[in-house]
Structure formats: C-alpha cells, structure tokens
Amino acid sequence: MRAATAAFLRHLERERNASPHTLQAYGLDIEQFTEHAEGALGRSARPEDVDPVLIRGFLAELHRRGLRKVSSARKLAALRTFFRYLCREGRLAKNPARAILSPRLEKRIPSVLEEAQVEELLAVPGDGDAAVRARAVLELLYATGIRCAELVALDRGEVDLDARMIRVLGKGRKERVVLFGGRSRTALREWLTVRSRLRPRADALFVNRRGERLSDRGVRGLVARRVKQVALERRCSPHTLRHSFATHLLTRGADLRAIQELLGHASLSTTQRYTHVDTRHLLEVYKKTHPRA
C-alpha cells in the first residue's frame, strides 16, 4: 500500500499540479486507512486486499472516534481518488470505494459580517509598520475574496497597482485574475513603501519584520488581534472576510457566475450556498421593517 501511495502522490504532484497542502492531506488520509487495514488483516496490506467491507469498517471506526462527518467524507473521497488511479494504472480491476456512499452532510451556512462590521475591522489605527501591513492585508482579503493561503503565496510581481488587479494561483494550481478597489490600492502602496525598508529576502508581497514571507498563521493571528481590538461579538477568520465579500456582492446584485469566477470555485453549486445567506438577510430585514411581519 505504501509504495502505491508514494506513486499516487508523485502523480498528483507532477501531473495534477497538486499543492503541498493537498499532497499532505491525501498522504495522511491514505496512511490512516493503511494502518487500519493492516490492523484488520493482521499483516501488511496490499491494494488488492482492499474491499468495500474493509473501507466501511474504517469509516465505522472513524465514527466511533467521534470524527465529524465532513472529515470522514473527505477521507472517503481521498480513497476513491487513490483507488481510481490504481485502476487506471492497471493495478486494480475495480475501485472498492466507488459504491460506498459518503456520509450525509449538514448544509452549513457561511458566517458573514455586516458591512458596518467590516468597515470597523478594516479601520486599523496607527502608522507603524505593523498597522500599515494589517490594513493592506485586511483590505486585500475583503476586496478580493481570496483565500488566506492564496494571499500569503502572492509575489510582488503578481500585483498590478495601476490596473488594480492581482494574479492568483488557486486550488489545483488554477490561475485567475481578481480585481480590487481604490482603498486597497492606497493601502498596498503604503505597505510597499514599508516593505522596501524591511529588505525582503523573497519576492513575497507580504513579509514579516525579518523580511521573510508572511505565513498563514501570521495572517490568522493578525485577524484575531484585530477582532479583539474592536471587540467584535462574533468569531472571525480570514475566511469570514471571503464569505462576507461574496455575500455583500450578491446582496448588491452581482451575478452568481461572476462571483464564482472571482472566488475561483470549480462548481457553481459551491457558490450557490451564498444565496441561502442572502435569503436569511432578506428575511431579517423583512421582519424588522414590515408592519405586519
């Protein structure tokens, strides 16, 4: 199993251009299943040993451990992809995970901020290096709706201040162009002046005080500190700004297909969950304003 897994991960990296995060997730999921299979079989497991019963036993074990359904569904999807690859390579005649149904997932409505809350969050006071960087990071997250991982991966050359556009490398190494507004451009110009003084060691757009690329963890910490400063009542992460970006566009009449392109969603069904947020918002407005609500 482990040799087959290594070959599969090389295939994802070289032929599918999978990101390091994706490779790590697939590797961990398949390794966890391999350990379960070896425990059940009492010996080293081969791909040929795997059948639907063994996979169902693995999912049942995850359920007993209290793993969330969404995590179990992700692990099953990883196994389906792995065994489909082995079928294409001629190693297996049949995909043992194909007929197994994924756990039924609850539809989660994204948590979003009101426009006034976003304005408060983005109004970072001060003119020190940290404050300038915080304003640029927060402005760009909300103005573009990009993921935190996409933001920290940005290089200076991928930002066009004159055209107010950035080139983003998203999931599956798919490239897209995203727009941003005048406030973001102002914040970025101020940050680039600070950045030049830090003597960055890389081409990264956002760097820390040592001139190294700002990490995903660093951005999350920045958002958490800002939420605490403004005493925001609800939880907020970089992804909350992405959800808020999409919801506010939809509320103001943006086309769902356009929002899909801006977010980099492969499927429109992923973008459609924001329509539920918009409907909920309209219901709240109706209850507050209609005399007979």
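In this predicted model, Pro 125 sits in the loop that runs between helix H5 (115–122) and H6. With a relative accessibility of 56%, Pro 125 counts as exposed, because the cut-off for that label is over 50%. Pro 125 can also be set against Arg 234: the two are 109 residues apart in sequence, and their C-alpha atoms are 21 Å apart in space.

Stepping back to the whole protein chain, there are 13 helices and 3 strands. The C-alpha atoms fill a box of roughly 65 × 60 × 35 Å along the principal axes. Of the chain's 293 residues, 41% count as buried.

Strand S2 (residues 165–169) is home to Ile 166. Unlike an exposed residue, Ile 166 is buried, and its relative accessible area is just 1%. Ile 166 and Leu 122 are 44 residues apart in sequence, and from C-alpha to C-alpha they are 20 Å apart in space. Arg 164, for its part, belongs to the loop between strand S1 (159–160) and S2. Arg 164 isn't a glycine, yet its phi is positive, at about 55 degrees. Its relative accessibility of 32% makes Arg 164 partly exposed, because that value falls between the 20% cut-off for buried and the 50% cut-off for exposed.

Ala 231 shows the backbone feature too: a positive phi of about 55 degrees in a residue that is not a glycine. Ala 231 turns up in the loop between H9 and helix H10 (238–251). As for its surroundings, Ala 231 is exposed, with 59% relative accessible area.

On to the aromatic rings. The count of aromatic pairs comes to 7. One of them joins Phe 33 and Phe 58, whose ring centres are 5.3 Å apart and whose planes make an angle of 80 degrees, an edge-to-face arrangement. Phe 33 lies in helix H2 (residues 20–41), while Phe 58 belongs to helix H3 (residues 52–64), so this pair ties together parts of the chain that are 25 residues apart in sequence. Both partners are hidden away: Phe 33 is buried at 0% relative accessibility, and Phe 58 is buried at 2%. Ring pairs also build a cluster, made up of Phe 8, Tyr 26, Phe 33, Phe 58, Phe 82, Phe 83 and Tyr 85.

Helix H3, which holds Phe 58, is made of 13 residues. From its first C-alpha to its last, H3 reaches 18 Å, close to the 18 Å expected at 1.5 Å a residue. Which residues of H3 are buried? They are Leu 54, Ile 55, Phe 58, Leu 59 and Leu 62. Looking down the axis of H3, these buried residues fall within an arc of 140 degrees, so they line one face of the helix. Over on the other side of H3, the exposed residues are Val 53, His 63 and Arg 64.

Helix H9 can be read in much this way. For its 14 residues, a span of 20 Å is expected at 1.5 Å a residue, and that agrees with the 20 Å between its end C-alpha atoms. Buried residues in H9 are Val 219, Leu 222, Val 223, Arg 226 and Val 227. Seen down the helix axis, the buried residues of H9 fit within an arc of 135 degrees, so they line one face. Arg 217, Lys 228 and Gln 229 are exposed on the other side of H9.

Finally, there's the second largest pocket, which holds about 450 Å³ of space. What lines this pocket? Its lining has 21 residues, and Ala 130, Arg 133, Arg 209, Leu 222 and Arg 225 lie nearest the centre. Two elements give two or more residues each to that lining: helix H6 (129–144) and helix H9 (216–229). Leu 222 therefore appears twice in this account, as a buried residue of H9 and as one of the residues nearest the pocket's centre. Sorted by class, the lining comes to 10 nonpolar, 4 polar and 7 charged residues.

Notes. Residues are numbered from 1 along each chain as its sequence is written. This is a predicted model: local features need pLDDT of at least 70, side-chain atom pairs count only at pLDDT 80 or more; totals for chains, interfaces and linings use all residues. Side-chain values use heavy atoms; hydrogens and water are left out. Rings of Phe, Tyr and Trp (its six-membered ring) pair if their centres lie within 6.5 Å; planes under 30 degrees apart count as stacked, over 60 as edge-to-face and the rest as tilted. Helices (H or I, at least four residues) and strands (E, at least two) are DSSP runs, numbered from the N terminus. Buried means under 20% relative accessible area, exposed over 50%, partly exposed in between (1.4 Å probe, protein chains only). On a 1 Å grid over the protein atoms alone, a cavity is a set of points where a 1.4 Å probe fits but cannot get out, and a pocket is an open set with protein on both sides within 12 Å along at least five of seven lines; lining residues have an atom within 4 Å of a point. Grid points are joined across faces, edges and corners, and a volume is the space filled by probe spheres set on the points. Ala, Val, Leu, Ile, Met, Phe, Trp, Tyr, Cys and Pro count as nonpolar, Asp, Glu, Lys and Arg as charged, and the others, Gly among them, as polar. The expected span of a helix is 1.5 Å times one less than its number of residues. The arc is that of the directions from the helix axis to the C-beta atoms.
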